[in-house]
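Me: Please take a close look at one helix of this model, its ends and its surroundings, and then at the other parts of the fold that are well described. A formal, connected account would suit me best.

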Amino acid sequence: MTTQPMTARTAAPTTAGALSIAHGARPVTDGATEVLARFEEWVRRSPDAPAVIDGTHSWTYRQIGAAADEAAAALRARVRPGDLVGVCLDRSAALVVTAVALARIGAVYLPLGPRPGERRTDAVTEDLNVGALIGDPELLPSRHRAGDRLDLALPGEGANATTTVVAAFAAPGATAHSAPAGAFYAVLTSGSTGRPKAVAVGEPALGGLLDWYRATTGLGPGDRHSLLIGVAFDPHLLELWAGLTSGAALVPAPDEVRWDSVVLADWWRTAGLSVAIAATPMVEPLLDRPWPQDLRLRHLMAGGDRMRRRPGAEVTATVHNAYGPAEATVVATTYAMHGTDSAAGTDSAPPIGHPVPGVTVIVADPDGRPVEHGTEGELLIGGSGLALGYLDPELTARRFTAVPEGLDLPGVERVYRTGDRVRMAADGQLEFLGRLDDQVKISGVRIEPAEVEAAFEQDPAVLSAVVTAPRTADGRARLVAYVRAAAGAVLTADALLPALRTWLPEQAVPSDVRIVDSFPLDANGKVDRAELTRRAAESLTSRPGAAPDGSAPDGDGPADATPGERLVLSAARDLLGRPGISLADNFTEAGGTSVLAARLLTVIEKDSGIRLRAPELLRQPDLRAVARLIDERAARQPGGCLR
């Protein structure tokens, strides 16, 4: 077994009596939480050390700093301190330079991802006072393509790089919200109105988290850290600044790495990563396989979804089960797991652990009063890790509230109501139990069904929509939409989904869309959502091949289906929760996300012994073409058939 270097460990927090209150340990440093200043320190101390390594391309701290100076100088004429700047770039040296440049200006970094969707971006730039969008001009919204543009000389090399980057300017909406004073970055979260809401985080909150992260992982010069998380997802901020504030090198991941857990492990190896962050749905399949023994990886931070099993005895990295909403600056609690633990390799769900330094957690009843240990309640978070709030002050007032009267919580001036249902054990460990409201997690992303409904209803041909989130037998949520057509309109799922993708992130696009004439009503005359959820769940557990409308099944395909066709169709139906799809359907257009594609590849390999790569799956026009690849490779195997 590989010997891991000793790293600093955070002391266990203290608990307050029998009430469900836990305080994180004192901050692991002297409280110096400036983020940009720590990067500048490494530019001075180690100017020739690599800051970004992307395949055969590498940029030193000096080069990243110089490129950021040039970009900041170009932007200062139009971008002022405190301005929101939407960044539509993928993981690359150009993205890193942009983040540093905006920090030097004092502008607020708003990561949107390389292809956020035109309608979604339009909604963001109408609701928020975005001073500029930075990205590939061909992928920006039309009103920004038509407005003033400024060419930026950013690095154009790397797996995800774009050769041309501009800053584009357009007037915000008349009632657009600006970032609050002191904001360092802002991120979007799901909103029930159909338009995303933005959370603003200050530099001290991120800096305090980075202090803990560096101490826990031992991240420093000579290390390589992943730059893997989707840019619009808030753990991206932890990844990006963890490397830049530690003297380590950031390694951007090629896009195919995010689709395939085996390719992810191969990339960890070839990139020589020592510390990494990944979404829980991508990590769990690796915990079901023999752990690669030749990895340098010593710490793996996983989060974004409930973890359902623990790493086995052969896992040489420390795996951290991390929990935290964007409103509490990426990570609020963690639970570290090692291959030497007595529970290693079990299928039991690990807890989400103790609060990180500076954070206080409370398990509360509906009135906000702490409950006793072992009692379920809503998780409230307070302390130095809280975000400044939403850009909408009214929403901030509803979700960030005063400390419950009578509680003496040093260092806690307000708390964030997470809406998450948890339970605290006697030792202060938190167990995650689910949501209290309608929000669901799909592939690690927090989704408001109401936002998806509103996106459907943007189409004038749609009268109304109801989105449910039934769970499959293994406990994973699926989005199923019921849609009513407007008078005289004819709807199909295939016609609705392309427009929906311009409004929503891929995880929020339902895997099943059902056109209905009416919705069931409850005794009060309201839409009976529970009944629709029951129907959707029933179809997910119906016999294989049964169509959602109850029509006759076709088993695992037509009678003359090949072994590959039967395998692919059965696996796709199960993963998508859509028993009615056929071999003529395209996997992604039928609702397949990056995480589901990774699971499909895993099922194919497990059942056939044939290893497809993510690009091979994604470029096929339909499932029949995917099956043809499997059958062709099976014919070349000893014995000439699927195992």
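Reply: Just after helix H8, Gly 272 adopts a positive phi of about 65°. The model is a predicted one, and the helix that precedes this glycine spans residues 261-271. At the opposite end of H8, Asp 260 acts as the N-terminal cap, with a side-chain oxygen 3.0 Å from the backbone nitrogen of Val 262.

Between these two ends, H8 is mostly covered, eight of its eleven residues being buried. The buried set consists of Ser 261, Val 262, Val 263, Leu 264, Ala 265, Trp 267, Trp 268 and Ala 271. An α-helix has 3.6 residues a turn, so residues three or four places apart point the same way. Within the buried set of H8 are Leu 264, Trp 267, Trp 268 and Ala 271. The partners of the buried residues comprise four strands and two helices: strand S12 (224-227), strand S13 (249-252), strand S14 (275-279) and strand S15 (299-303), together with helix H9 (280-287) and helix H15 (594-608).

Two of these partners, H9 and H15, reappear around a pocket. H9, helix H14 (563-576) and H15 are the elements that give two or more residues to the lining of the second largest pocket. The volume of this pocket is about 680 Å³. Its lining comprises 21 residues, and the closest to its centre are Asp 288, Arg 476, Arg 599, Thr 602 and Val 603. H15 supplies the largest share of the lining, six residues.

Another region of the model is an open sheet of three strands, ordered S27-S28-S29, with mixed pairing. Its edges are strand S27 (462-468) and strand S29 (512-516), each of which pairs on one side only. From one strand to the next, the twist averages 25°. S27 and S28 are antiparallel and share six bridges; one of the pairs sets Thr 468 against Val 480. Strand S28 (residues 480-485) and S29 run parallel and are joined by five bridges. Along this parallel pairing, Tyr 482 stands opposite Arg 514, and Val 483 stands opposite Ile 515. Two helices pack on this sheet. Helix H11 (residues 449-456) touches S27, S28 and S29, and its direction makes about 155° with that of S27. Helix H12 (residues 493-501) also touches S27, S28 and S29, with its direction at about 125° to that of S29.

Several individual residues merit description as well. Tyr 109 belongs to strand S6 (residues 108-111). Its relative accessibility is 4%, so Tyr 109 counts as buried, the cut-off being under 20%. Leaving aside residues up to four places away in sequence, Tyr 109 touches Val 85, Val 87, Leu 95, Ala 99, Leu 102, Phe 184, Tyr 185, Ala 186, Val 231, His 236, Leu 237 and Leu 240. With one of these, His 236, the side chain of Tyr 109 makes a polar contact of 2.8 Å. Tyr 109 and Ser 46 are separated by 63 residues in sequence and by 25 Å in space, C-alpha to C-alpha.

A second polar side chain under cover is that of His 354, a residue of strand S18 (residues 354-355). His 354 has a relative accessible area of 17% and is therefore buried. A polar atom of its side chain lies 3.1 Å from the backbone oxygen of Asp 427.

Finally, the backbone geometry of one loop may be set beside that of Gly 272. Thr 329 has a positive phi of about 60° although it is not a glycine, and Val 330, likewise not a glycine, has a positive phi of about 75°. Thr 329 lies in the loop between strand S16 (318-323) and strand S17 (333-337), and Val 330 is found in the loop between S16 and S17 too. Thr 329 has a relative accessible area of 1% and is therefore buried; Val 330, with a relative accessible area of 6%, is buried also.

Terms used
Residues are numbered from 1 along each chain as its sequence is written. This is a predicted model: local features need pLDDT of at least 70, side-chain atom pairs count only at pLDDT 80 or more; totals for chains, interfaces and linings use all residues. Side-chain values use heavy atoms; hydrogens and water are left out. Buried means under 20% relative accessible area, exposed over 50%, partly exposed in between (1.4 Å probe, protein chains only). Contact means heavy atoms within 4.5 Å. A polar contact is a pair of N or O atoms within 3.5 Å; within protein, one must be able to donate a hydrogen and the other to accept it, and residues adjacent in sequence count only if both atoms are side-chain atoms. Two strands pair if DSSP finds at least two bridges between them. Axes are lines fitted to C-alpha atoms, for helices over the stretch in contact, and angles run from 0 to 180 degrees between N-to-C directions. On a 1 Å grid over the protein atoms alone, a cavity is a set of points where a 1.4 Å probe fits but cannot get out, and a pocket is an open set with protein on both sides within 12 Å along at least five of seven lines; lining residues have an atom within 4 Å of a point. Grid points are joined across faces, edges and corners, and a volume is the space filled by probe spheres set on the points.
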